[in-house]
Amino acid sequence: MAGQLNPTLLLAVPLAPLAGSAIAGLFGTKFFGNLVGRTVSHSATILGVLVALIISLMTLNDVLHGAGFNGDVYTWMTIGSMKMTVGFQIDSLSAMMMCVVTSVSLMVHIYTIGYMAEDDGYNRFFSYISLFTFSMLMLVMSNNFLQLFFGWEAVGLVSYLLIGFWYTRPTAIFANMKAFLVNRVGDFGFILGIGLLLAATGTMNYGETFAKAQALSSMFVPGTTWPLLTAACICLFIGAMGKSAQFPLHVWLPDSMEGPTPISALIHAATMVTAGIFMVTRMSPLFELSDTALSFIIVIGSITALFMGFLGIIQNDIKRVVAYSTLSQLGYMTVALGVSAYNVAVFHLMTHAFFKALLFLGAGSVIIGMHHDQDMRNMGGLRKYMPITWITSLLGSLALIGTPFFSGFYSKDSIIEAVHASHLWGSGFAAFSVTAGVFITAFYSFRMYFLVFHGKERFGLGHGHGHDHAHDAHGAGHAVAHHADQPHDTHGTAVHDPHALHDSAAHHEESEEDDHGHHGLAPGQKPHESPLVVTLPLILLAIPSVVIGFFAIGPMLFGDFFKNVIYIGENHEAMRELAEEFHGAAAMGVHALTSVPFWLALAGVVAAYYCYMINPRVPAWFYAKLRPIHTLLDNKYYMDKFNEVVFAGGARALGKGLWQVGDRALIDGLLVNGSAKLVGWFSTITRTFQTGYIYHYAFVMILGVLGTLVYFFPFWRA
């Protein structure tokens with residue numbers, strides 16, 4: 001069914017969630033006097049996202065049969081020859097993203113009914129997440145840079161509202177401001193890149209810009225010898241570094257766990273953090289003409305994939321473990337972009353969206369069962385109390401570590417193979433990072449799994465005792481760090497400095513307690529399985545987490561799914577080498593049983609089992625021997641401290657200097673007070689001539705006439 005898609009129907013995809021958001025946000029809150037209740041609010045938003053999902057699935061089906069759309073639906077303004085429009089470019093890439101965004105969003109909406117049931121901001125939360133869905137859909141459906149930038153900024157704004165949803169909590173305000181400011185750094189680069197392309201091409205339309213790519217490759221940034229295309233691509237990628245949390249602009253993402261769990265799944269699984277990956281893939285005709293930009297991407301992605309994984313090993317907050325996992329997996333996607341394996345990057349984006357949303361929502365289910373206690377040292381043995389959460393979390397963890405035949409295996413192993421096939425500068429370091437990351441991912445994933453679902457029950461021991469028991473029973477990396485020689489807060493978390501409280505899991509738990517009353521299980525209490533409205537999304541997300549990779553790898557990586565959508569230069573051979581080695585999904589799964597990544601993943605699982613189930617003294621021994629490394633990891637490589645001292649401190653020093661020198665000395669002192677003093681001094685001089693005697697005035701008049709004659713008629717020169 002080749003042909004043109006219906007633009008009116010496409011317009012309904014972003015507008016349906018927007019309408020639901022408006023109903024919940026305007027009529028379900030104090031804004032218009034709480035005219036509708038909770039049922040209307042969640043029904044309207046869920047219906048809006050469901051409509052968007054149905055149309056997205058229909059659109060994907062039509063695209064697979066040859067249909068498409070690339071055109072404007074609204075002209076905002078025209079400046080000379082440049083048109084600023086709202087338009088859609090619907091092809092296999094955007095249709096796939098539409099389905100991923102709307103499906104994960106629908107699961108999050110349903111899940112939220114159970115998770116936020118006791119929260120006073122119930123209607124407001126539904127309004128926010130529906131508005132977030134609208135913003136993301138506008139981003140992925142756009143056919144021009146203006147609309148892309150609108151969606152880009154809109155998801156950033158709504159994420160600010162979501163991360164700071166509990167706005168009475170100081171840590172939430174700190175976290176959402178941090179996320180907002182760090183993303184502004186990336187967005188500054190992003191708008192510079194758009195500006196360079198606009199200045200060089202005179203258009204904001206993707207197709208028109210891509211048509212001039214060859215001409216752009218021979219141009220230079222005015223006044224410099226820098227290749228314009230390389231500069232523009234690096235600037236665009238700096239935007240992706242902020243939005244997709246790449247080193248060193250990753251620091252906002254772990255702190256964003258201050259928001260409710262549903263938005264952790266929505267922001268960190270399928271939507272906001274993958275916007276950068278989608279954008280670079282969409283811009284492949286530009287990036288393919290700059291090996292320098294691609295090498296820059298490879299190095300940044302490699303650092304993120306490897307070093308963010310290390311941080312996941314020492315976390316005790318269940319949500320933060322999953323957050324650092326997201327950082328690491330985003331690094332994998334970025335590396336794939338750098339080696340020109342755009343198909344693989346987007347494939348991993350899709351598979352990761354499902355199993356990471358599953359893991360976040362599974363963590364939220366555990367938090368519900370534990371009465372809002374997020375510390376894994378207070379858990380253990382939850383398997384028999386929460387069977388659905390247990391089995392779905394296990395499936396998500398198996399997909400995450402790349403277990404053969406699970407969805408994550410196909411995308412993750414393809415990234416590793418593509419990196420080894422690349423010959424670009426930086427691909428050697430990338431090959432080491434993504435390979436070593438397999439062991440690290442398996443270790444921290446199953447450390448979390450074993451501490452939460454297996455072993456001794458460490459809950460219901462009374463406030464604060466669970467931590468001590470966890471120290472004895474598991475000696476988990478971070479847990480064993482807190483010996484008697486360190487100050488502790490009431491939750492057993494070492495307090496290194498006042499600023500550390502912003503990032504500590506304990507402080508997070510304290511703020512949870514503020515919002516939910518008592519947190520943690522009382523003595524004798526047992527965990528409970530979450531209600532169906534929470535477990536149903538887990539089951540529905542577990543299905544694609546297991547099977548979608550098997551069915552999608554052929555068409556997405558080696559078929560015509562991305563034909564004429566993703567451009568790969570002839571000098572970049574990673575995808576061609578992958579295609580030569582691919583003999584079907586089943587054969588790939590069987591072959592993986594003898595591959596290095598499989599044995600590394602297995603070693604990570606076995607190591608986690610031994611350290612946290614068999615011999616808990618091993619992590620304690622490592623801590624004792626490698627205490628400086630643990631301190632480095634515990635302080636997150638001191639990136640926050642560096643930013644606080646250098647950037648925040650520098651900004652404060654600059655502000656103070658401008659205030660003291662510019663404002664007080666120059667403006668107030670010299671211009672305002674100085675001009676007043678000058679007038680006063682001049683008045684003092686002239687006042688001496690105001691004596692009241694006529695002969696004094698006559699004398700001054702004579703001097704004035706004489707001066708005029710001398711100046712205008714210089715007879716004395718003759």
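Contact here means heavy atoms within 4.5 Å. Keep that in mind. Take threonine 435 as a first case. Leaving out residues up to four places away in sequence, threonine 435 touches Ile416, His420, Val596 and Leu600. Threonine 435 belongs to helix H19, residues 427–453. Is threonine 435 buried or exposed? The relative accessible area is 16%. Buried means under 20%, so threonine 435 counts as buried.

Now the whole model. This is a predicted model, please remember that throughout. The protein has 718 residues, and 57% of them count as buried. There are 30 helices and 3 strands. Along the principal axes, the C-alpha trace spans about 115 × 65 × 60 Å. The accessible surface comes to about 28800 Å². Carbon and sulfur atoms hold 70% of that surface. What about contact range? Take contacts between residues at least 6 apart in sequence: 79% of these join residues at least 24 apart.

Next, lysine 319. Lysine 319 is in helix H15, residues 318–338. Its relative accessibility is 0%, so lysine 319 counts as buried. What does the side chain of lysine 319 have beside a polar atom? The backbone oxygen of methionine 257, at 3.0 Å. Methionine 257 is also on the contact list of lysine 319. Again residues up to four places away are not counted. The rest of that list is Gly259, Pro260, Thr261, Ser264, Phe360, Ile367 and Gln374.

Stay in helix H15. Methionine 333 is there too. Methionine 333 has 0% relative accessibility and counts as buried. Which residues does methionine 333 touch, not counting those up to four places away in sequence? Ile277, Ala345, His348, Leu349, His352 and Ile415. Look at histidine 352 in that list. Methionine 333 and histidine 352 are 19 residues apart along the chain, and their C-alpha atoms are separated by 9.7 Å.

Over to helix H3, residues 92–115. Leucine 106 is found there. At 8% relative accessibility, leucine 106 is buried. Beyond its neighbours within four places in sequence, leucine 106 is in contact with Ile46, Val49, Leu50 and Leu53. One more distance here. The C-alpha atoms of leucine 106 and leucine 47 are separated by 9.0 Å, with their positions 59 residues apart along the chain.

Now the aromatics. A pair of aromatic rings is described by the distance of the centres and the angle of the planes. The count comes to 29 aromatic pairs. Take phenylalanine 125 and phenylalanine 165. Their ring centres are 5.1 Å apart and their planes stand at 80 degrees, so the pair is edge-to-face. This pair links distant parts of the chain, 40 residues apart. Phenylalanine 125 is in helix H4, residues 122–141. Phenylalanine 165 is in the loop between helix H5, residues 145–163, and helix H6, residues 170–201. Both phenylalanine 125 and phenylalanine 165 are buried.

A second pair is phenylalanine 149 with phenylalanine 190. This one is stacked, with 6.0 Å centre to centre and 20 degrees between the planes. Phenylalanine 149 is in helix H5 and phenylalanine 190 in helix H6, 41 residues apart. How do the two compare on burial? Phenylalanine 149 is at 22% relative accessibility, so it counts as partly exposed. Phenylalanine 190 is buried, with a relative accessible area of 0%.

There is a cluster as well. Phe446, Tyr449, Phe450, Phe453 and Tyr609 form one aromatic cluster.

Charges over rings come next. Back to phenylalanine 165. Arginine 124 lies over the face of that ring, 4.1 Å from the centre. Then phenylalanine 180. The charged end of arginine 184 sits over its ring, 4.3 Å from the centre.

Last topic, cysteines. A disulfide is a covalent bond between the sulfur atoms of two cysteines. How many disulfides does the structure hold? The count is 0. Why does cysteine 233 have no such bond? The closest cysteine sulfur is in cysteine 235, at 9.4 Å, and that is too far for a bond. The cut-off is 2.5 Å. Cysteine 233 is buried, with a relative accessible area of 1%. Cysteine 99 is buried too, at 8%.

Definitions and conventions. Residues numbered from 1 in each chain as written. Heavy atoms only, no water. Buried < 20%, exposed > 50% of the residue type's maximum accessible area, 1.4 Å probe, protein only. Phe/Tyr/Trp six-rings, centres within 6.5 Å; stacked < 30°, edge-to-face > 60°. Helix = DSSP H or I, 4+ residues; strand = E, 2+ residues; numbered from the N terminus. Lys NZ or Arg CZ within 6 Å of the ring centre and 35° of its normal. Polar contact = N/O pair within 3.5 Å; in protein donor to acceptor, adjacent residues only side chain to side chain. Areas by Shrake-Rupley, 256 points an atom, 1.4 Å probe, with all protein chains shown as cover.
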